[in-house]
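Colleague: I would like to go through this model with you step by step, and to ask for the reasoning behind each label as we meet it.

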Amino acid sequence: RVAGYYHTVDAYFEEPGLPGGESSVFVPSSSSLAGVDARRWFSLDFLPAGDDFSWELADSRGGLLLLSKKRRTRARSGYAAEGDFFFTDLIVCEPLTRRYQGILCPADFTGYRCIGVFLLDGVDDGGGDISLSNFRVLSALYDLYWLNTRHIGGQSACVFSSGSHGGGWRLPKSAVADDIQLTARFNAMSFVGRAGGCFYWGIDDDDDEDDGAMLVLDETTTEFSLVTFPDIIRENYHMTTFRIIAGGDGAMRVLRVIGNDLKVFTQLAGSGGEWVLEKLVRLPEATRGLPGHEERY
């Protein structure tokens with residue numbers, strides 16, 4: 001059963017002087033943890049703390065959390081400083097046992113931008129399991145540089161495996177995708193979800209020759225590719241209104257918020273990849289009467 005959910009608190013609004021892990025708050029599921037002090041049981045105050053950094057939640061899987069080290073200094077606008085985008089140290093923890101393992105950033109990748117880090121199942125005998133002694137971390141990197149006044153770069157992926165035999169970081173040869181040259185600004189790329197063993201990033205840059213395409217990373221092959229969704233899905237694209245998820249049947253769904261409507265798209269079975277509108281929710285009507293609702297919303 002689901003014990004609850006961790007939520008990341010915007011660092012611009014966080015209160016100073018809180019213990020390590022203050023940027024992530026656990027909200028229990030009332031149906032499964034009634035009468036239990038869930039906030040204490042699932043607190044992250046056991047993580048190592050520092051005056052100049054905090055831990056930011058990156059991913060979760062099977063009772064484990066993956067967090068990345070972030071500087072406390074933030075721009076007054078509330079956005080992370082540019083330095084926060086670089087590959088940094090990580091930590092994997094198990095809140096119920098209050099144990100953790102630190103993962104240092106490889107020296108070879110200190111100058112790389114990080115566009116996402118993800119927890120994967122371990123590779124020990126048995127397969128399909130994950131624990132603090134049997135897990136993997138997949139990190140998607142972007143090497144950004146200038147060429148003739150233009151930003152270009154190459155993407156790669158490195159994998160960390162736990163365990164005393166063959167553990168540590170490795171860069172699979174298949175991960176390097178020199179044939180994909182994205183001219184978009186680094187901060188124009190945004191993670192939009194995962195489904196079917198793949199991770200997706202949207203590219204929100206009208207000046208880019210690959211506008212309309214999405215960067216895809218296959219977690220099995222660690223290979224990158226570009227895919228383009230039809231106009232019916234990309235309409236009025238913005239990273240805050242676009243999300244890719246895996247449905248209960250395992251099929252990929254694309255969620256869009258366009259105007260006051262929530263739209264769910266799926267691929268029609270046996271159609272050769274045709275996308276159709278599966279669900280339409282009129283948000284003003286669906287939210288009317290809910291706590292906190294105001295008609296002007």
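Colleague: Which residue in β6 is the bridge partner of C93?

Modeller: The bridge partner of C93 in β6 is Y100, and I should add at once that this is a predicted model.

Colleague: What makes β5 and β6 a pair of strands?

Modeller: Two strands pair if there are at least two bridges between them. Strand β5, which covers residues 90-94, and β6 are joined by five bridges in the antiparallel sense, so they meet the requirement of at least two bridges and count as paired.

Colleague: Why are β3 and β6 called edge strands?

Modeller: The open sheet holds four strands in the order β3-β4-β5-β6, with antiparallel pairing. Both β3 (53-61) and β6 (99-103) pair on one side only, and they are therefore the edge strands. Neighbouring strands of this sheet are turned by 25° against each other on average, with direction ignored.

Colleague: Where does R98 lie, and why is R98 called partly exposed?

Modeller: R98 lies in the loop between β5 and β6. Partly exposed is the class between under 20%, which is buried, and over 50%, which is exposed; R98 has a relative accessibility of 39%, so R98 counts as partly exposed. Phi of R98 is near 55°, a positive value in a residue other than glycine.

Colleague: Why is N236 called exposed?

Modeller: The relative accessible area of N236 is 59%, and exposed means over 50%, so N236 is exposed. N236 lies in the loop between α2 (231-234) and β15 (242-246), and phi of N236 is also a positive value in a residue other than glycine, near 50°.

Colleague: What class does V9 fall into, buried, partly exposed or exposed?

Modeller: V9 has a relative accessible area of 29%, which lies between the limits of 20% and 50%, and V9 is therefore partly exposed. The place of V9 is in the loop between β1 (4-8) and β2 (24-28). The C-alpha atoms of V9 and E56 are separated by 9.0 Å, while the two residues are 47 residues apart along the chain.

Colleague: How do you know that F118 and W201 form an aromatic pair, and what makes this pair edge-to-face?

Modeller: The count of aromatic pairs comes to 14. In the pair of F118 and W201, the distance is 6.1 Å centre to centre and the angle between the planes is 70°. Ring centres have to lie within 6.5 Å, and planes over 60 degrees apart count as edge-to-face, so F118 and W201 pass on both counts. The pair links distant parts of the chain, with F118 in strand β7 (residues 113-121) and W201 in strand β12 (residues 198-203), 83 residues apart. Both F118 and W201 are buried.

Colleague: What makes you say that the charged end of R234 sits over the ring of Y237?

Modeller: The charged end of R234 is 4.1 Å from the centre of the Y237 ring, and the rule asks for a distance within 6 Å together with a position within 35 degrees of the ring normal. The distance is therefore satisfied, and the charged end is listed as sitting over the ring. Y237 also belongs to one aromatic cluster with Y200, F229, F242 and W275.

Colleague: How many helices and strands does the protein chain have, and what percentage of its residues count as buried?

Modeller: The protein chain has three helices and 18 strands, and 42% of its 297 residues count as buried.

Definitions and conventions. Residues numbered from 1 in each chain as written. Predicted model: local features only at pLDDT ≥ 70, side-chain atom pairs only at ≥ 80, totals over all residues. Heavy atoms only, no water. Axes fitted to C-alpha atoms, helices over the stretch in contact; angles between N-to-C directions. Buried < 20%, exposed > 50% of the residue type's maximum accessible area, 1.4 Å probe, protein only. Phe/Tyr/Trp six-rings, centres within 6.5 Å; stacked < 30°, edge-to-face > 60°.
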